[in-house]
Amino acid sequence: MLTRKHSIEGKHQFGKAADLFGTLDADAAMKLAMVAGDVTLVLDDAGTILDAAFDPNEFPEFANWTGENWIETVTDESRPKIMEMLAAARRGEVQHWRQVNHPSRHGDVPIRYSVLTVNNGEHRIAFGRDLRDAGKLQQRLLQVQQSLERDYLQMRQLEARYRMLFDRSSEAVAVLEAQTLRIREANPAAHSMLGVKAGGLAGKKFPSLIEKESRDALQAMAGAAIASDAVTPVEITVSKGARKVSLSINGFSQDRGQFLLLRMSPVGADKSNDASPLFDLVDHMPDAFVMANANLEIVSANQSFVELVQAASLDQLRGRQLSETLGRPGIDLDLIEGQIDQHGAARNVSTVLRSGNEMEGEPVELSAVRSSGEDPLYAFVIRPIGRRLRDLPPGSQDLPRSVEQLTDLVGRMSLKDIVRESTDLIERLCIEAALAYTSDNRASAAEILGLSRQSLYSKLHRYGLGNLPNETE
């Protein structure tokens, strides 16, 4: 049954229809009918297709419709609509558009039709508009909507996981507005540490929860956290219970606002948890010690390492790539990993340790080992050797003494420098051999080497051989 929405009742009609359309000839009427629809069918009273106009490239399977009944060209579910449109046309009702589907080898072709009675009820004209482009657009819109729903669901799941981690963390964590130091969020551990009942921290100003003497340090630390991510933790006193708390602050921006992430731990808790004598010894050992995860990101380090890389605190180093400070970029750490894979450990590896934006770095020697398991950890013991090299006798610290020492230079020097080192080594060994052969007679040594005595003395001075100030020709 056609409803009111399928009718054109209520629409504004042409005011001069007789003058405008009364003189239309057959050619003009045909063009008007063809323009009105992508598919135009001329039907008799029974619905038989008498003639059809369409683009054969767009509708190649519509070519043999002439002589068939219109209802036979549509899918089963569309047939009631055809019957309703034909019945309404017989009653003289003018209809709006209804969608039917024509079966084809490439799937159903959706066409939206409207039927008009002409020639005093003798014929019907069905105007059809192709809905395939609209269908593709609707399908694309549906896919976008489904994609947005999937992203929204993933975001909700991610938020739920982080919310669970935030709430169940044993570390006291709170988020503050940077300008007002007002608490936005705090986990249960933070409520417990500050002596406030659950849910009572939101909206409170954090300075009101600590002793007055700690507030200046908090203000200074908050300002520094906005400007830098390397802020040394400070010790504050909580008002309730006068508990000493170690406070760390990191600044971050979100939605054009600045916020502070506070992490609090009771003073002395670390020592109680890590009261192992081994931990204490490692923390105080003179050699630098650093531990990294499987991605070679720094997990922990002792004070010697913090001082060696000139960092403000261990918190400044946590999470940073070890390659930012240790080894020649792209070379040494890969070689160390290779040695660990092959031998289980790396021993006495010569490399460099850089601090800040330093490019050359301080010469160091390290040993490394890796733990087993699915999430292994790396441990490095690092000792500076720059002073040891500087203390070597003049003339001997610069030159290697054997081919093995020369090959050790690979990875530390360019090939050009290694060749220069090799030339110097051979020259020095020849001079030493000539001096030994001539019983330290410099004139004879210069003669068998094919050098002038002045040139020999220059090389003796360069390599630190002999006692030149007391030498007499």
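User: Is Arg 163 buried, partly exposed or exposed, and what is its relative accessible area?
Analyst: Bear in mind that this is a predicted model. Buried stops under 20% and exposed starts over 50%. Arg 163 falls in between and counts as partly exposed, with a relative accessible area of 37%.

User: OK, and which residue does Arg 163 form a salt bridge with?
Analyst: Arg 163 lies in helix 4 (residues 132-168), and the other half of the pair is in strand 7, so the bridge ties together parts that are 22 residues apart in sequence. The other side chain counts as partly exposed too, at 34% relative accessibility. The closest N and O atoms are 2.4 Å apart, and the partner is Glu 185.

User: How many residues apart are Arg 105 and Glu 61?
Analyst: These two form a salt bridge, with the closest N and O atoms 3.3 Å apart. Arg 105 sits in the loop between strand 3 (98-102) and strand 4 (109-118), while Glu 61 sits in the loop between strand 2 (49-54) and helix 3 (79-90). The pair links distant parts of the chain, and the separation is 44 residues.

User: Arg 105 in that pair: buried or exposed?
Analyst: The cut-off for exposed is over 50%. Glu 61 has a relative accessible area of 29%, so it is partly exposed. Arg 105 has a relative accessible area of 71%, so it is exposed.

User: Which residues are linked with Glu 427 in a network of salt bridges?
Analyst: Start with one pair: the side chains of Glu 427 and Arg 462 meet at 3.8 Å, N to O. That links helix 14 to helix 16, with the two residues 35 apart. Glu 427 is partly exposed at 24% relative accessibility, and Arg 462 is partly exposed at 49%. Glu 427 is linked in the network with Asp 424, Lys 459 and Arg 462.

User: How many salt bridges does a search of the whole structure find?
Analyst: The Arg 163 and Glu 185 pair is a salt bridge, and so is the Arg 105 and Glu 61 pair. For the whole structure, the search comes to 21.

User: Why do the buried residues of helix 15 line one face of the helix?
Analyst: The buried residues of helix 15 (residues 442-449) are Arg 442, Ala 445 and Ala 446. What covers them includes helix 14 (415-437) and helix 16 (453-463). They line one face because, seen down the helix axis, they fall within an arc of 100 degrees.

User: Which residue caps the N-terminal end of helix 15?
Analyst: At the other end, just after the helix, Gly 450 takes a positive phi of about 75 degrees. At the N-terminal end, a side-chain oxygen lies 3.1 Å from the backbone nitrogen of Ala 443, and the capping residue is Asn 441.

User: Which residues have the most contacts inside the largest nonpolar core?
Analyst: That core has 29 residues. Strand 6 (172-177), strand 7 (183-186), helix 5 (188-194), helix 6 (212-227), strand 9 (244-254) and strand 10 (257-266) each supply at least two of them. Looking beyond four places in sequence, Phe 206 is in contact with residues including Leu 176, Leu 218 and Ile 236. The residues with the most contacts inside the core are Phe 206, Leu 247, Leu 260 and Met 264.

User: How many residues of strand 11 are buried?
Analyst: Strand 11 (residues 288-292) pairs in the antiparallel sense with strand 12 (residues 298-301) over three bridges. Five bridges also join strand 11 to strand 15 (residues 378-384), again antiparallel. Strand 11 is mostly covered, and its buried residues number four of five.

User: What is the bridge partner of Ala 292 in strand 12?
Analyst: Elsewhere along this pairing, Val 290 has Ala 301 as its partner in strand 12. Toward strand 15, Phe 289 stands opposite Val 381. For Ala 292, the partner in strand 12 is Ile 298.

User: Which residue takes a positive phi in the hairpin of strand 11 and strand 12?
Analyst: The hairpin has five residues between the strands. The phi in question is near 60 degrees, and the residue is Leu 296.

Notes:
Residues numbered from 1 in each chain as written. Predicted model: local features only at pLDDT ≥ 70, side-chain atom pairs only at ≥ 80, totals over all residues. Heavy atoms only, no water. Pairing = 2+ DSSP bridges. Buried < 20%, exposed > 50% of the residue type's maximum accessible area, 1.4 Å probe, protein only. Arc of directions from axis to C-beta. Contact = heavy atoms within 4.5 Å. Polar contact = N/O pair within 3.5 Å; in protein donor to acceptor, adjacent residues only side chain to side chain. Core = buried A, V, L, I, M, F, W, Y, C linked by side-chain atoms within 4.5 Å. Salt bridge = Lys/Arg side-chain N within 4 Å of Asp/Glu carboxyl O.
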